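Work through the exercises below with the sequence and the 3D structure at hand. Try each task before reading its solution.

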Amino acid sequence: MATEENTEIERKLAAIETVLSRGVETFIDPDGSFKQKLTDKVKGEYDKDIVVKLGVDPTRPDIHLGHAVGLRKLRKFQELGCKVVFIVGDFTAQIGDPTGKNKVRPEVQQKEVESNMKTFLEQIGKILILDKTTFSWIRNSDWFLSPEDLAAAPKSRVKLNTTIEGKKATANIPANSFVGKALYFESSRMQKTHLKKEQIYAITLRSFLWTLKHTTHAQLIERDMFKNRLEDGEELYMHEMMYPILQGIDSYMLAKIYGSCDLEIGGTDQTFNMLQGRNVMRANKTDPQAVLSFDLIEGTDGSEKMSKSSDNYISITDAPNDMYGKVMSIKDHSIGNYFRLAALTPLRDVEKIEKDIEEGLTASA
C-alpha cells in the first residue's frame, strides 16, 4: 500500500514538471514558492488552498480550442490539488482589454455580458472539475461596482427590516436612495451570496488612486502594443492604459477573498497584464502571484491566433463533422503546435511528427 502511495506521489511530482513546462512560454516564480507549495501539496505537507486564477472578459459567447488550451492546463493543476478560481470580468468587459488591438475596442453592454457569461460557465464544465473544493468563480463587478453604480426602476421601493426600541419593524424606503442601493449592494455581492463571507471587500476611488501611486507611466507605456499604437498615430485612451492595473487589482482582491492568489495563467499576450498583478499585490504587501503564460494556438488559417473576430476558430461545441472538417484544414506548419497544446501526445512523438512533416515538405519542394 505504501509503495502504491509512493508511486502516485512520484507520478504527480513528474506531472508538476510537465504542467510547468509543456507549451509554456514564461513561468515566473522568482523564489520558487509556488512550485514548492505544489510539491508540498502533492506530498500531503501543505493543507491550505493553492489558488490558481484565470480571468476572461465574456465579450463573446462560446469557448473555442484556444480557450481550451488554458482550461486544460487548469485541469492539470486541479488534479495536483489546486483550487481554480475563474474570474468573469463582467466589469472589465465593458471597458475592453486592448491586448492585440490596433484600435479601441467597442464597449459591451451588461445584458450581453450576462448572456455570454452564462454560456462560458456552462461550457467550462466540459473540461474543468466543478466541485467546490477545486473550483470557484466570481464576477469582478463584485468589488469594482459601488452602491451608487446601481439603479432601480423609478419610484420602486425596498423593505428595510430593523429593530426600534427592541421591537422589530419594517420600513419601505426608495430603492434609489443611498440606503436602498446599499441594501441591494450588500445582498447581491457574490462574496455574501455564494462564498458566505462576513466581510465584503470592494475597491473605492481612494484605494484605486493609492494603487496608481505605485505604478509609473513609464511602466505602462513599455507595453509593446501601446508603443505601436502611438507610433502608428492611433489614439490611446486612459481607460485602456488602466486595464492592466484593473487586472492586477483582481489578483489582489482574490488574495483578500480566498486567502491567496498563488498563480495566474494566461496566453503569452497576457504576460504584461499578469505581471502587473505581481506589482499591485507587492504594493499592497500581499505575497505576489507566480505567472505562467502558455503558447497561443494558431487559428485554422495558420497565421493569426485563434479568435472569433478572425473567424479562424474551432468551437468546443462544434458538431463532430464540423470540428473534423476544421481540424483537417489546419496548415501543415501548425500541426505540431496543435499536438503539443491541444492533445496528450507525448512530446517525443510530437517532435517526430514535426520532423516527418518538415521532411515531407522538403521532399515535395
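The exercises that follow concern a predicted model.

**Exercise 1.** Decide what the radius of gyration of the chain says about its overall form.

Solution. Step 1: the chain has 365 residues, and for that length a compact globule would have a radius of gyration near 21 Å. Step 2: the value for the chain is 23 Å, which agrees.

**Exercise 2.** Find the salt bridge partner of Arg11 and state how the two residues are placed in helix H1.

Solution. Step 1: the partner is Glu8, with the closest N and O atoms 2.8 Å apart. Step 2: the cut-off for a salt bridge is 4 Å, so this pair qualifies. Step 3: both residues lie in helix H1 (residues 2–19), and because they are 3 residues apart, about one helical turn separates them.

**Exercise 3.** Lys181 forms a salt bridge with Glu148. State where each residue lies, and classify Lys181 as buried or exposed.

Solution. Step 1: the closest N and O atoms of the pair are 3.8 Å apart. Step 2: Lys181 is in helix H6 (residues 178–188), while Glu148 is in the loop between helix H5 (141–144) and strand S5 (157–164). Step 3: with their positions 33 residues apart, the pair links distant parts of the chain. Step 4: buried means under 20% relative accessible area; Lys181 has 11%, so Lys181 counts as buried. Step 5: Glu148, at 47%, is partly exposed.

Notes:
Residues numbered from 1 in each chain as written. Predicted model: local features only at pLDDT ≥ 70, side-chain atom pairs only at ≥ 80, totals over all residues. Heavy atoms only, no water. Rg over C-alpha atoms; globule rule 2.2 N^0.38 Å. Salt bridge = Lys/Arg side-chain N within 4 Å of Asp/Glu carboxyl O. Helix = DSSP H or I, 4+ residues; strand = E, 2+ residues; numbered from the N terminus. Buried < 20%, exposed > 50% of the residue type's maximum accessible area, 1.4 Å probe, protein only.
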